[in-house]
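Here is a short tour for anyone who would like to get their bearings before going back to the bench. Have the viewer open and follow along.

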Amino acid sequence: MENRKKELDKNLFRPADRTEEQSDVMARKSTTLLQDAVRSLRKNVFFMISLVLLLIIVLMSIFAPVASDYTYKEQDLNRSLMGPRIPVLENISFLGLDGTQTKTFNGNNVQAAEMKAKMQFDNQEDFITFETVNEGDGSRNSAEVKATYDKYAAKGVEDEYFYFGTDRLGRDVWTRVWDGTRVSLLIAVAAALIDLVIGVAYGGIAAYYGGRVDNYMMRFLEVIIGIPNLVVVILMILILDPGIWAIIIALTITGWTSMARIVRGEVLKLKGHEFVLAARTLGAPNRKIIARHLVPNVMGLIIVNTMFSIPSAIFFEAFLSFIGLGLPSPAASLGTLINDGFKTLLTTPTLLVFPAVIISVLMIVFNILGDGLRDAFDPKMRK
Amino acid sequence: MARYIGQRVIYMIITLFLIATISFVLMKLLPGSPLANADKLTEAQQEVIFEKYGLNDPIPVQYVNYLGGLIQGDLGISFKYDNRGVSDILADRIGPSAQLGIQALIIGTVLGILLGLVSAIYHNGISDYLSTIVAVLGTSIPSFVFAGLLQYFVAVKWGILPVATWNGFEYSILPTIALAIFPMATCARFMRTEMIEVLNEDYITTARAKGLAGTAIIFKHGIRNALIPLVTILGPLAVGLLTGTLVIEQIFSVPGIGEQFVTSVTSNDFPIIMGTTMFFAVVFIVMILIIDILYGLIDPRIRLSGKD
């Protein structure tokens with residue numbers, strides 16, 4: 001410390017310029033809300049990871065079906081229920097991605113257990129390898145045999161690779177899963193955008209004009225909100241022809257209400273603020289007040305609300321497929337794939353695993369993105 | 001207070017009337033009739049069947065009859081199950097659905113509150129991070145995914161609990177868990193924010209300054225105040241549970257209303273679909289009304305804002 005003090009020359013210092021005019025000049029440009037939000041989002045590790053994951057899923061859902069050798073509806077019963085098989089990874093045995101199917105069978109003795117295995121695995125004795133786990137003592141189901149069946153070899157399709165296996169109708173699950181992801185995302189994003197447009201317009205008009213217009217619009221909204229979402233969606237799906245648009249319309253018919261409410265509340269609050277009064281006093285026209293003062297201030301809320309409505313739309317689409325009101329076959333969505341997966345849960349759980357993992361990751365990612373955006377855009381909410 | 005309740009009830013009646021009207025119009029628009037194979041029946045036979053379902057009256061009369069029936073709890077007659085009223089079918093099946101729903105709601109909220117409390121009390125500690133992760137996963141991952149996991153591992157692989165169907169209490173455990181995860185996670189998140197906020201209030205500082213023990217502060221001043229706003233999310237949670245039962249009953253083959261609904265959707269039994277939808281609407285709306293009134297009773301600010 002002593003040394004450093006000596007090194008500094010007095011001549012290096014000069015008095016600060018402290019005149020009256022410059023006392024309130026800012027050293028740096030003030031950051032806008034957007035810059036501030038971006039900066040805090042960059043620091044949010046979970047947010048960035050989620051963003052990357054979402055990007056990967058979106059890109060895969062667009063390009064994987066195109067790049068695939070199979071189509072989502074191409075059926076071939078000869079190759080039904082194949083195990084997942086991925087090049088390179090197939091050599092790492094514990095991953096279970098080499099296309100073989102392994103199951104344990106119990107019987108009174110080893111022969112009986114092996115018989116059961118053969119029956120399960122198309123009687124293709126040459127392609128089943130047995131491993132005796134327990135010799136058994138002759139009593140009921142005491143013997144245990146682990147059988148591994150190489151269906152790719154048995155069917156003579158050793159040069160084919162079904163990354164996620166095939167379903168009961170022999171359709172390639174890899175292609176179907178990514179195709180379904182794209183359909184689910186499309187439905188969710190379209191529904192969220194339509195909600196946004198209707199909600200912002202409705203809420204904005206009600207709040208901006210206020211008075212009687214606002215009163216009537218809100219009474220109508222309250223009645224709509226009172227109708228349970230589930231009820232309306234089911235009724236709409238029943239009268240519309242099943243398909244992507246039917247689901248989008250059904251989701252938006254009640255979906256816009258929360259956005260309208262939020263936008264109305266926020267605009268009402270902003271309208272009373274001093275900066276709007278100031279702009280008005282200075283003679284700013286309505287359109288300028290809306291564009292320069294109201295819209296940018298409501299923007300954060302709109303983005304956050306849209307971000308949260310996407311995962312709930314994804315969930316609702318899956319839910320509709322589950323209760324039999326989803327997309328008609330052979331079209332795939334995450335919901336229909338999961339519904340199909342449950343039918344073969346006991347024999348080939350992989351059919352459920354892949355779409356279930358993707359829908360879960362998507363939901364988690366969207367929720368984290370929404371949380372991050374909310375914290376970034378609404379400094380008051382920051383904890 | 002009376003005025004607030006009155007206002008809410010009027011809205012409820014308007015909404016129910018609207019839903020009933022929409023369902024009626026849809027019933028008339030939709031294809032499907034009680035005649036399973038129309039061409040094999042004589043004119044007279046068709047006439048008898050139409051008479052039974054009241055389809056010979058002019059539409060406005062049918063509409064009035066339909067509304068009148070609704071008020072008396074008559075939801076119409078099923079197309080598929082001969083001569084069985086929809087209300088009858090629903091009454092038969094409400095038991096399992098109600099049991100699942102109530103069990104899940106109780107377990108979910110109690111566990112959720114505990115989890116949220118632990119999070120808030122040990123704010124920024126390891127248990128806080130763990131329960132936050134549990135809460136994020138629980139609110140994000142759909143219940144049917146949990147149902148699949150539970151069914152595959154607990155029931156099939158380990159054989160601890162039955163896979164499906166409905167033969168006593170142990171059959172209700174897995175569906176209840178699958179249903180309870182979402183309310184648990186939501187309650188935990190909500191409770192955590194509320195509790196952290198309450199613990200930062202001035203009256204907590206006062207209590208501390210007074211020399212109260214930490215547990216007394218948390219139990220007497222903290223939890224009681226943090227619990228009040230929790231009432232607001234009970235409505236959406238209960239609605240979510242009803243939606244959830246539709247799927248969960250299907251997965252675990254529970255003979256409840258949800259399972260009946262899904263079967264009716266696949267067999268185009270419109271009276272049951274519409275009747276169940278109507279029933280759901282009533283349950284939803286009455287539930288929300290009760291919760292709103294409850295909240296108005298607890299928190300005077302709400303009922304004051306209802307007066308203007």
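In which helix of chain B is the place of Arg192(B)? That residue sits in α7, the helix formed by residues 169-199 of chain B. Please keep in mind that this is a predicted model.

## Arg192(B) and its surroundings

Let us stay with Arg192(B) for a moment. Its relative accessibility is 23%, so Arg192(B) counts as partly exposed; the buried class is reserved for values under 20%. Leaving aside residues up to four places away in sequence, Arg192(B) touches Gly116(B), Ser119(B), Ala120(B), His123(B), Asp128(B) and Thr132(B).

You can also use Arg192(B) as a starting point for a distance check. Pro236(B) is 44 residues away from Arg192(B) along the chain, and the C-alpha atoms of the two are separated by 18 Å.

## Chain B as a whole

Stepping back, chain B has 13 helices and zero strands. Reading along its sequence therefore gives one helix after another, in the pattern α-α-α-α-α-α-α-α-α-α-α-α-α. Chain B is divided into domain 1, residues 2-71, and domain 2, residues 93-266. The C-alpha centres of these two domains of chain B lie 38 Å apart.

What about its dimensions? The C-alpha atoms of chain B fill a box of roughly 90 × 60 × 25 Å along the principal axes. The radius of gyration of chain B is 24 Å, whereas a compact globule of 308 residues would come out near 19 Å. Of the 308 residues in chain B, 45% are buried. Contacts between residues at least 6 apart in sequence were also sorted by separation, and 72% of those in chain B join residues at least 24 apart.

The accessible surface of chain B is about 15400 Å², with 66% of that area belonging to carbon and sulfur atoms. Chain B carries 18 positive and 21 negative charges, and the mean positions of the two sets are 11 Å apart.

## Two loop residues with positive phi

Most residues other than glycine have a negative phi. Against that background, two residues of chain B deserve a look. Thr165(B) has a positive phi of about 65° although it is not a glycine. You will find Thr165(B) in the loop between α6 (143-157) and α7 of chain B. At 38% relative accessibility, Thr165(B) is partly exposed.

The other is Ser253(B), again not a glycine, with a positive phi of about 45°. Ser253(B) belongs to the loop that links α10 (230-251) and α11 (257-266) of chain B. Its relative accessibility is 33%, which places Ser253(B) in the partly exposed class.

## Chain A as a whole

Now for the other chain. Chain A contains 13 helices and three strands. Its domain assignment gives domain 1 as residues 96-155 and domain 2 as residues 173-377. Between the C-alpha centres of those two domains of chain A there are 50 Å.

The C-alpha atoms of chain A fill a box of roughly 100 × 80 × 40 Å along the principal axes. A compact globule of 383 residues would have a radius of gyration near 21 Å, yet the value for chain A is 31 Å. Buried residues account for 44% of the 383 residues of chain A. Among contacts in chain A with a separation of 6 or more, 70% are between residues 24 or more positions apart.

Chain A has an accessible surface of about 21400 Å², and 59% of it belongs to carbon and sulfur atoms. With 40 positive and 39 negative charges in chain A, the mean positions of the two sets lie 13 Å apart.

## Two buried residues in chain A

Is Asn305(A) buried or exposed? With a relative accessible area of 17%, Asn305(A) is buried, because that value is under 20%. Asn305(A) lies in helix α11 of chain A, which covers residues 286-322. Setting aside residues up to four places away in sequence, it touches Ser258(A), Met259(A) and Ile262(A).

Where is Thr344(A) in chain A? Thr344(A) lies in the loop between α12 (334-343) and α13 (350-377). At 5% relative accessibility, Thr344(A) counts as buried. Again not counting residues up to four places away in sequence, Thr344(A) touches Arg168(A), Pro349(A) and Leu351(A).

Conventions
Residues are numbered from 1 along each chain as its sequence is written. Chains are lettered from A and ligands numbered from 1 in the order in which they are written. This is a predicted model: local features need pLDDT of at least 70, side-chain atom pairs count only at pLDDT 80 or more; totals for chains, interfaces and linings use all residues. Side-chain values use heavy atoms; hydrogens and water are left out. Helices (H or I, at least four residues) and strands (E, at least two) are DSSP runs, numbered from the N terminus. The radius of gyration is taken over C-alpha atoms; the globule rule is 2.2 Å times the number of residues to the power 0.38. Buried means under 20% relative accessible area, exposed over 50%, partly exposed in between (1.4 Å probe, protein chains only). Contact means heavy atoms within 4.5 Å. Accessible areas come from the Shrake-Rupley method with a 1.4 Å probe; for residues, only the protein chains shown count as cover. Lys and Arg count as positive and Asp and Glu as negative; His and the chain ends are not counted. The place of a charge is taken as NZ of Lys, CZ of Arg, CG of Asp or CD of Glu. Domain bounds come from an automatic or database domain assignment.
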